[in-house]
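Trainee: I'd like to practise reading a fold. Can you put one up and let me ask about it?

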Amino acid sequence: MRIYCQSHSLVLQLCGLAATFLVFMPGWTQQQDLTSAKDNAEVPAAELSSLRGPYFDTSASKNVTALVGKTAYLNCRVRNLGNRTVSWVRHRDIHLLTVARYTYTSDQRFQSIHSPQNEDWTLQIRYPQRRDSGIYECQVSTTPPIGTSMYLSVVEPITTIVGGPDLYINRGSTLNLTCVVKHSPEPPPAIYWTHNSEEINYDSPRGGVSVITEKGDVTTSYLLIQRAMSADSGKYTCSPSNANSKTVVVHVLNGEQPAAMQHGGQLRLEYPISVFLLSASVTLMS
């Protein structure tokens, strides 16, 4: 920039000051910009976070597998919510379930749970049924709204006893009852066996009665009764603690060979390793 000054002495002095100021002004402006940038960098992370608005902590929102009839919980954690509102929507029919802590739907099994001490908004579903399985979305009333989805899977474990509903075995043989529990979100904590509605005593004077349980995605419980006798006939029930029970009727025969006789070969085809281990156990106990 060029500055033209007249010859008057006072004007010359003022003109010189103006020129000096303009020469140094660009550097002064640059220094101010650097200072502002430095000040912004020193803003605490918490304050910067509050400036970004609501957002979801997805690490706290996971897909859920629940048992039929057992209360299910879907969790949604919202950071920096401010004065916005959290709602829950069911995708299957685009049905609004809850707004804030109020239940909007007529189905009172749904309820929103929130404590002012945390940032979690939890959808509680009481007595869930298999039809409740599907996608649920947690929404925040920003403009436009934001949301995060999760999947609820409501399952009903299936209990079966291999070879049922009737099993036939010769007197003096070893009876092996195999109870299988499938589609359980977690292995049953315990499996109970009863004979004619009475819990089986593995330490009874009769002896030769034992149980082996293998837990996993599919849980299998083996009830082993050596030297079967007529008194061992009757109803045997396998009752997992988190699934429906299953009953089989055992017939101990005196040499007859009905078509429905229990054959070890059938068990070996379906559970080869387990049956081999059980056979070895029987041999050792004998």
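Trainee: In what order do the four strands of the open sheet with antiparallel pairing stand?

Mentor: Before that, a word on the source: this is a predicted model, where local features need pLDDT of at least 70, side-chain atom pairs count only at pLDDT 80 or more, and totals for chains, interfaces and linings use all residues. Residues are numbered from 1 along each chain as its sequence is written, and side-chain values use heavy atoms, with hydrogens and water left out. Strands (E, at least two residues) are DSSP runs, numbered from the N terminus, and two of them pair if DSSP finds at least two bridges between them. The order you want is S11-S13-S17-S16.

Trainee: Which strands stand at the edges there, each with a single partner strand?

Mentor: Look for strands with one side left without a neighbour in the sheet. Each of the two has a single partner, so that one side stays free: they are strand S11 (158-161) and strand S16 (209-214).

Trainee: Which residue stands opposite Thr159?

Mentor: Follow S11 over to S13: the two run antiparallel, joined by four bridges. Across from Thr159, in S13, you'll find Val181.

Trainee: Now Ser184. Is Ser184 buried or exposed?

Mentor: Ser184 sits in the loop between strand S13 (175-182) and strand S14 (191-195). Buried means under 20% relative accessible area, exposed over 50%, and partly exposed in between (1.4 Å probe, protein chains only). Ser184 has 15% relative accessibility, so the word for Ser184 is buried.

Trainee: Which residues does Ser184 touch, not counting those up to four places away in sequence?

Mentor: A contact here means heavy atoms within 4.5 Å. Within the loop, a polar atom of the Ser184 side chain lies 2.4 Å from the backbone oxygen of Glu186. Leaving out residues up to four places away, Ser184 touches Pro157 and Asn242.

Trainee: There's also an open sheet of six strands. Which are its edge strands?

Mentor: That sheet has mixed pairing and runs S2-S10-S9-S4-S5-S6. Each edge strand pairs on one side only, which picks out strand S2 (64-67) and strand S6 (102-103).

Trainee: And how many bridges pair strand S4 with strand S9?

Mentor: S4 covers residues 86-90 and S9 covers residues 134-140. Trp88 stands opposite Cys138 in S9. The two strands pair in the antiparallel sense, and the number of bridges is five.

Technical notes:
A polar contact is a pair of N or O atoms within 3.5 Å; within protein, one must be able to donate a hydrogen and the other to accept it, and residues adjacent in sequence count only if both atoms are side-chain atoms.
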